[in-house]
Each structure stands twice: as structure tokens, then as C-alpha cells.
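The following exercises concern helix packing and pockets in a predicted model. Each task is followed by a solution in steps.

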Amino acid sequence: MIKTVEDAPLLDEVRKRMGRVPNMTKVMANAPAVLEGYLGLSGALKRGALPGPTSERIALAVGAANDCGYCVAAHTFTGKRVAELSDAEIEAAKAGASDDAKEAAAVGFARELTESRGKADPSAALAAGWTEEQLLEIVALVALQTLTNYVNKVAETENDWPAV
């Protein structure tokens with residue numbers, strides 16, 4: 001188990017963004033370059049072309065595919081509170097699906113990308129109306145979520161999110 005760091009300069013930025021400092025970022029603070037990279041890519045993707053609810057669905061799909069309980073709990077919370085996803089939408093996202101055809105194409109692509117280690121066919125997502133820009137953001141989001149999933153699994157991060 002990797003320890004958490006309670007006081008580091010970048011944790012102030014986390015507190016400003018989220019209103020709190022989750023244990024995952026306290027673990028990442030052991031390696032400032034990792035935390036800086038996570039914050040940079042996370043911030044850039046939040047300003048990107050993917051809708052917030054789609055990003056939460058993808059985070060749930062990747063977290064479930066990688067069996068990361070910490071991330072599934074975190075994104076279940078933010079999926080409900082921030083993206084306003086229903087319980088049914090959250091469960092579907094964890095399975096790489098959605099009742100909405102366009103969302104299903106994005107989440108399915110993300111899940112396939114995760115499970116195949118990058119060998120996913122984007123044609124269904126493009127046909128569903130996602131742009132090349134959005135497809136590349138899905139790839140980046142899968143990479144970001146995989147990073148957080150692996151950090152939490154290796155560190156055995158204590159879950160500080162409501163239990164799922």
C-alpha cells in the first residue's frame with residue numbers, strides 16, 4: 001500500500017477544483033510529475049469537445065472494465081451529482097452501454113478500447129455522430145482513466161467516496 005501525502009503544493013489546486021482532496025490525489029502527490037500530468041490532462045479534457053455526461057459514462061465503463069472499485073465509486077458519485085445520470089444510466093455505462101444510441105457508441109468504443117488494449121474500431125462511434133476530435137478525446141479519457149485505475153489498484157487507495 002502506498003501512503004497518502006497530506007500536504008503538497010498541487011493538492012491546493014485539487015482542493016480549488018473539487019472542494020476537497022480525494023485520497024487518489026494524495027497518493028499521486030508522492031510523485032508530483034504524476035499528479036501534475038493527471039491534473040493537466042484532466043483539466044484539458046474538461047474543456048474539450050466531449051459532453052460531461054459522456055465523460056462520466058466513459059469513466060464508469062473504463063473503471064468497471066479495469067475492476068477499479070475506487071474509480072467506479074468516485075464516478076458513480078460524480079455521475080449522479082454532477083452529470084445527473086440516473087441509476088440505470090450508471091449501470092449501463094459500467095457495462096459499456098447506454099439506451100441512447102450515440103452514447104452507447106461512445107461508451108462501447110471506450111470499453112472496447114480498454115479491453116483490447118487500444119485495438120478498437122471507431123467506425124460505429126463515427127457513424128453515430130461523434131467527430132474525430134471527440135474520438136481522440138475518448139482515447140485520451142480512456143488513457144487518463146486507466147492511469148487512475150492502475151494507481152488506485154497498485155496503491156490500494158482507501159475509498160473516500162460513498163460505497164457503490
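**Exercise 1: Packing of α7 and α9**

Task: Determine which residues of α7 meet which residues of α9, and describe the geometry of the pair.

Solution. Step 1: Ala-106, Phe-109, Ala-110, Leu-113 and Thr-114 of α7 are in contact (heavy atoms within 4.5 Å) with Leu-135, Ile-138, Val-139 and Val-142 of α9. By class, this contact of α7 with α9 comprises 8 nonpolar, 1 polar and no charged residues; Ala, Val, Leu, Ile, Met, Phe, Trp, Tyr, Cys and Pro count as nonpolar, Asp, Glu, Lys and Arg as charged, and the others, Gly among them, as polar.

Step 2: The axes of α7 (residues 101-115) and α9 (residues 132-155) lie 10 Å apart, at an angle of about 45°. Therefore α7 is oblique to α9 (angles under 35 degrees count as roughly parallel, over 145 as roughly antiparallel, 65 to 115 as roughly perpendicular and the rest as oblique).

The model is predicted: local features need pLDDT of at least 70, side-chain atom pairs count only at pLDDT 80 or more, and totals for chains, interfaces and linings use all residues. Residues are numbered from 1 along each chain as its sequence is written, and side-chain values use heavy atoms, with hydrogens and water left out.

**Exercise 2: Packing of α4 and α9**

Task: Establish at what angle α4 and α9 pack, and which residues meet.

Solution. Step 1: For α4 and α9 the angle is about 50° and the axes are 9 Å apart. That makes α4 oblique to α9.

Step 2: From α4, Ser-55, Ile-58, Ala-59, Val-62 and Gly-63 meet Ile-138, Leu-141, Val-142, Gln-145, Thr-146 and Asn-149 of α9. The classes in this contact of α4 with α9 are 6 nonpolar, 5 polar and no charged residues.

**Exercise 3: The pockets**

Task: Characterise the largest pocket and the second largest pocket by volume and lining.

Solution. Step 1: The largest pocket holds about 840 Å³ of space. Its lining has 32 residues, of which Ser-42, Lys-46, Glu-56, His-75 and Thr-78 are the closest to its centre. α5 supplies the largest share of this lining, 6 residues.

Step 2: By class, the lining of the largest pocket has 19 nonpolar, 8 polar and 5 charged residues.

Step 3: The second largest pocket holds about 170 Å³. Its lining residues include Leu-113, Thr-114, Val-142 and Thr-146. Two or more lining residues come from each of α7 and α9, and α9 gives the most, with 4 residues.

Conventions. Axes fitted to C-alpha atoms, helices over the stretch in contact; angles between N-to-C directions. 1 Å grid on protein atoms, 1.4 Å probe; cavity = no way out; pocket = protein on both sides within 12 Å on 5 of 7 lines; lining within 4 Å. Points joined across faces, edges and corners; volume = space filled by probe spheres on them.
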